[in-house]
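Work through the following exercises with the sequence and the coordinates open. Each task is followed by a solution in steps.

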Amino acid sequence: MLESKNKNQDIHRFSIYRIVNFLAGVVFCCLLILTSGCRPTLLNSQSNNNSKLVLVSPSPPTTFNYAISRFPYSIFRYIYEGLISENGLTGELEPALAESWILSEDKKRIIFTLRSELKWSDGEPLTADDVVFTYQDIYLNQKIPTVYRDFLKIGSSGSFPSVKKIDKQRVEFILPEPFAPFIRYIGRLKILPDHALRDTIFSTDTDGKPLFLSTWNTNTQPEKIISNGAFRLKNYIPSQRIVLQKNPFYWRSDSVSNSLPYIDKIIIQILQSTDNQLLRFRSGELDSIGVNAEAFQLLKREEKRGKYKIYNGGPQFVHKFVGFNLNQGRNSQGKPFLNPIKSRWFNNLAFRQAVAYAINRQEINNNIYRGLGKIQHSALAVQSPYYLSPEAGLKVYDYNPEKAKKILLDAGFQYNNTNELLDEDGNRVEFTILVKSEEKLRIDTAVQIKEYLSHIGIKANLQVLNFNTVLQKLLSSRDWECYVGAFGVSGADLEPNLLSLFWLSNGSFHQFNLGSKPGEPRMKNWQVSDWEKEIDRLFIAGYQTVDENKRREIYGEFQQIVAEQLPVFFLVNPLSLQAVRNHIDNLKFSAIGGAFWNIDELKIQEK
């Protein structure tokens with residue numbers, strides 16, 4: 001067996017796993033998935049004697065239970081840690097709660113050794129029991145509907161690893177087969193407290209469901225929510241603010257033994273209006289703000305006077321797209337999720353291709369993103385070592401409305417005397433575009449797409465809803481038609497297997513054709529297309545393959561299938577821009593981690 005002795009040796013020895021760099025903090029800013037542009041930004045700060053940062057979230061939290069949360073604007077990156085972490089500049093693996101790990105020769109057994117004297121935010125010891133509990137009783141528990149179980153599926157059969165305690169500080173994971181991304185996934189999954197949650201797992205409510213599912217909701221007293229990260233929950237005023245306080249039991253310290261973090265308090269203000277956030281920043285009230293294309297020129301002119309700097313991390317690790325609901329299933333009452341007439345349009349490849357040719361992405365970039373973006377063609381970003389470019393053969397859809405009309409006519413659609421598009425049965429082609437309310441640029445994009453569709457005879461209506469409601473429609477009720485959205489899993493463009501939650505047919509975020517999830521009534525007539533099955537096969541081959549040239553071929557095939565079948569059509573990838581006041585010290589901005597991935601090391605200079 002091979003043993004890591006320090007941070008650099010760990011990284012070198014596990015170079016086989018250093019496939020990915022990914023953004024710090026999920027939610028999935030998320031999992032999921034589904035997240036784009038949702039990293040909180042900093043506001044006003046005080047002196048280091050009682051220093052505080054005020055972050056901003058556009059939506060209130062839905063729960064404080066990490067395992068079942070799908071909320072992208074979460075506090076979990078600040079209050080929880082996993083066994084290992086990733087450097088926000090380089091993406092390299094680093095020890096966290098585990099000080100070292102050992103990989104067996106056959107790559108199927110991994111032993112993690114925890115740091116000594118770890119404690120929870122209530123002062124209770126954190127041991128191997130907590131690790132085994134978190135994985136065995138929460139993540140691998142079929143009664144708990146957690147998206148994180150997807151990260152632990154291994155092999156074509158979807159088998160899971162086993163986990164056992166060796167002693168107080170050591171835990172062993174046993175894999176059914178070698179799985180290259182596994183250690184990366186371990187870094188994503190936070191450890192939860194056995195002593196605070198065990199009873200909720202094995203006790204049930206009147207419906208027979210674990211009490212865990214209703215535990216640590218937004219009404220829970222903050223002191224009862226136990227954490228292990230740099231901060232702990234201090235207070236929550238619904239729909240107004242979340243207050244985090246320095247965790248006195250946090251394990252990290254600096255080179256001269258000062259306990260981290262340096263910042264005493266984080267206040268997360270819940271503000272939906274980006275215009276209001278911009279106004280506050282310009283008046284000097286806020287310390288940082290995400291810079292969108294509309295605000296860039298204005299903020300750039302005021303950079304010196306405002307005593308801040310706009311950081312540019314290059315294209316965001318986010319995929320913005322327009323997509324259709326391809327789900328042909330029915331709920332447990334036999335009612336189809338989607339109008340069968342519209343479902344027939346959406347599942348017609350020619351229809352999806354026509355829509356792609358009808359959208360002028362260059363104009364969207366020029367007019368909406370002010371040129372501060374890149375047209376995206378592929379299911380992987382250009383930063384990925386597995387990226388397949390148009391020059392290398394990737395199918396693309398350059399703006400061509402006349403070609404779009406011809407494709408529709410050849411597919412049996414027709415136009416009436418007022419140039420309205422009808423299907424072969426004479427039904428007017430009309431549907432609703434769903435878009436979240438918290439991002440103006442996304443709404444503007446949806447409005448522009450509506451206009452483009454009108455040029456080929458399609459009538460589109462807009463449905464602008466808050467993001468929590470959007471997620472409910474996408475991932476629960478499935479009652480949506482067309483969606484202008486985004487998804488991104490931290491670092492997934494560098495390790496494509498991290499996108500499995502979205503692309504695998506049984507993935508928790510396979511939103512364009514979402515199947516039954518654990519705890520849900522079994523849906524009827526759900527169909528998985530041949531090309532979806534082929535993507536499943538390619539993802540399995542991708543994680544089983546170590547040879548980088550072969551992996552590029554595998555993920556090249558995946559990108560080509562997505563480009564040809566168009567379950568989603570990619571739009572514009574904006575630049576990652578953030579304005580941060582100059583008195584925030586020790587900032588290490590990157591496209592991978594953003595501005596505040598090392599928040600426990602940040603200091604605030606006195607003004």
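In this predicted model, helices α10 and α12 are roughly antiparallel to each other. The first exercise starts from that pair.

**Exercise 1.** Find the angle and axis distance behind the relation of α10 to α12, then list the residues in the contact.

Solution.
1. Helix α10 covers residues 349-358 and helix α12 covers residues 401-410. Their axes come within 7 Å and cross at roughly 165°.
2. Angles over 145 degrees count as roughly antiparallel, and the pair is therefore placed in that class.
3. The crossing of the two helices, α10 and α12, is left-handed.
4. From α10, the contact takes A350, F351, A354, Y357 and A358. From α12 come P401, K403, A404, I407 and L408.
5. Sorted by class, the contact of α10 with α12 has nine nonpolar residues, no polar ones and one charged.

**Exercise 2.** Determine how α16 and α17 are oriented and which residues join them.

Solution.
1. Helix α16 spans residues 530-544, and helix α17 spans residues 548-565. They pack at an angle of about 160°, and their axes are 9 Å apart.
2. That angle makes α16 roughly antiparallel to α17.
3. Where α16 passes α17, the crossing is left-handed.
4. On the α16 side, the residues are W531, E534, I535, R537, L538, F539, A541, G542 and Y543. They meet R551, I554, Y555, E557, F558, I561, V562 and Q565 of α17.
5. The contact of α16 with α17 divides into eleven nonpolar, two polar and four charged residues.

**Exercise 3.** Classify the packing of α3 and α5 as parallel or antiparallel, and give the make-up of their contact.

Solution.
1. The axes of helix α3 (residues 128-139) and helix α5 (residues 194-202) come within 10 Å, with a crossing angle of roughly 25°.
2. Angles under 35 degrees count as roughly parallel, which makes α3 roughly parallel to α5.
3. The handedness of the α3 and α5 crossing is left.
4. In α3, the residues D129, D130, F133, D137 and I138 take part. Their partners in α5 are D194, H195, L197, R198, I201 and F202.
5. The contact of α3 with α5 holds five nonpolar residues, one polar and five charged.

**Exercise 4.** Describe the largest cavity: its volume, its lining and the elements that supply the lining.

Solution.
1. The space in the largest cavity is about 70 Å³.
2. Its lining consists of R361, H377, K395, V396, Y397, V562, A563, L566, V568, F569 and F570.
3. Helix α17 and strand β22 (568-570) each supply at least two of the lining residues. β22 gives the most, with three residues.
4. By class, the lining of the largest cavity has eight nonpolar, one polar and two charged residues.
5. V562 belongs to this lining, and V562 is also among the α17 residues that meet α16.

**Exercise 5.** Locate Q448, list its contacts beyond its sequence neighbours, and state how far Q448 is from H377.

Solution.
1. Q448 sits in helix α13, residues 440-454.
2. With neighbours within four places in sequence left aside, Q448 is in contact with E363, I364 and I368.
3. H377, one of the residues lining the largest cavity, is 71 residues from Q448 in sequence. The C-alpha to C-alpha separation of Q448 and H377 is 19 Å.

**Exercise 6.** Examine the backbone at S257 and at the bond from L260 to P261.

Solution.
1. Most residues other than glycine have a negative phi, and most peptide bonds are trans.
2. S257 has a positive phi, near 70°, and is not a glycine.
3. The bond from L260 to P261 is cis, with omega near 5°.
4. S257 lies in the loop between β11 and β12. P261 is likewise placed in the loop between β11 (241-246) and β12 (265-270).

Conventions. Residues numbered from 1 in each chain as written. Predicted model: local features only at pLDDT ≥ 70, side-chain atom pairs only at ≥ 80, totals over all residues. Heavy atoms only, no water. Axes fitted to C-alpha atoms, helices over the stretch in contact; angles between N-to-C directions. Helix = DSSP H or I, 4+ residues; strand = E, 2+ residues; numbered from the N terminus. Parallel < 35°, antiparallel > 145°, perpendicular 65-115°, else oblique. Left-handed = near helix turned anticlockwise from the far one by under 90°. Contact = heavy atoms within 4.5 Å. Nonpolar A, V, L, I, M, F, W, Y, C, P; charged D, E, K, R; others polar. 1 Å grid on protein atoms, 1.4 Å probe; cavity = no way out; pocket = protein on both sides within 12 Å on 5 of 7 lines; lining within 4 Å. Points joined across faces, edges and corners; volume = space filled by probe spheres on them.
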